[in-house]
Amino acid sequence: MSETNPYMMVGERVCMDFINTVSWRESTEKRRDWFTSYAKLVDWSVHAEVLTVQQAQDLLSEADENPSKAKDVLKQAIELREVMYRMFKRISKKTSPNEQDLARFNESVSHFYQSLQVIQDEDQFILKFKETDALDTMLPPILQSAVDLLTSKNELGRVKQCEGDPCGWLFFDTSRNKSRRWCSMADCGNRAKVRRFYQKGK
Ligand SMILES: [Zn+2]
């Protein structure tokens, strides 16, 4: 949640960190979207190790030449992010995603999975997205992270929403006894501790 560290990654899955690129998600006054430009999306993608520095440089010069295309990709990324946010939020509350969101998500799956291909990697074969210089090339791996999580066996119960209000961040709880409650102990966890302390004092 920290404003000072804009690239806090606490989601434990790329798709969760992608969803968490809005600070104070559930607050109308404090809500702040990190993706204020295509360059920010690219910058975050490098930090998330979805893009290499070289890829990012190429994309940014491509975006300079096609600013309207870059703007479209940014819009598309934000739309996909919000669909994923609503879906995983409902999952964290043990309810099903709504149909329109799942349908919208599946449109992205159909679109991006077209570029999947089997390639030889030494003595084995792997399924990978074709590397392209398209401006939206950071989206397939993020989408795949969400698909992997959605289709995982017995792992969806680990999708949680931070109890800090109005944080709204989602994370994948990797703790052994599934006891994690906060996006970060240093932020929301600490605020809750301070609140408890003052309530006790009263
Ligand atoms: Zn939080």
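**View 1. Val 118 and the nonpolar surface patch.** In this predicted model, Val 118 is exposed, with a relative accessible area of 57%, a value that lies over the 50% cut-off for exposed residues. The place of this valine along the chain is strand β3, which covers residues 116–121. Val 118 joins Phe 125 and Leu 127 in a nonpolar patch on the surface, and together the three side chains' residues present about 350 Å² of accessible area.

**View 2. Asp 64 and the patch of negative charge.** Helix α3, made of residues 53–65, contains Asp 64, and this aspartate is exposed, with a relative accessible area of 66%. On the surface, Asp 64 gathers with Asp 58, Glu 62, Glu 65 and Asp 133 in a patch of negative charge.

**View 3. Helices and strands along the chain.** Seven helices and six strands are found in the chain, and, when read along the sequence, these elements follow the pattern α-β-β-α-α-α-α-β-β-α-β-β-α. The chain has a radius of gyration of 18 Å, which is close to the 17 Å given by the globule rule for 202 residues, and it is therefore as compact as a globular protein of that length.

**View 4. Extent and burial of the chain.** The C-alpha trace of the chain spans about 60 × 40 × 35 Å along its principal axes. Of the 202 residues in the chain, 43% are buried, a class that requires a relative accessible area under 20%; Val 118, by contrast, is exposed at 57%, and Asp 64 is exposed at 66%.

Key: Residues numbered from 1 in each chain as written. Predicted model: local features only at pLDDT ≥ 70, side-chain atom pairs only at ≥ 80, totals over all residues. Heavy atoms only, no water. Patch = residues over 30% accessible without salt bridge, like charges linked within 9 Å, V, L, I, M, F, W, Y side chains within 5 Å. Areas by Shrake-Rupley, 256 points an atom, 1.4 Å probe, with all protein chains shown as cover. Salt bridge = Lys/Arg side-chain N within 4 Å of Asp/Glu carboxyl O. Lys, Arg positive; Asp, Glu negative; His and termini not counted. Charge placed at Lys NZ, Arg CZ, Asp CG, Glu CD. Helix = DSSP H or I, 4+ residues; strand = E, 2+ residues; numbered from the N terminus. Buried < 20%, exposed > 50% of the residue type's maximum accessible area, 1.4 Å probe, protein only. Rg over C-alpha atoms; globule rule 2.2 N^0.38 Å.
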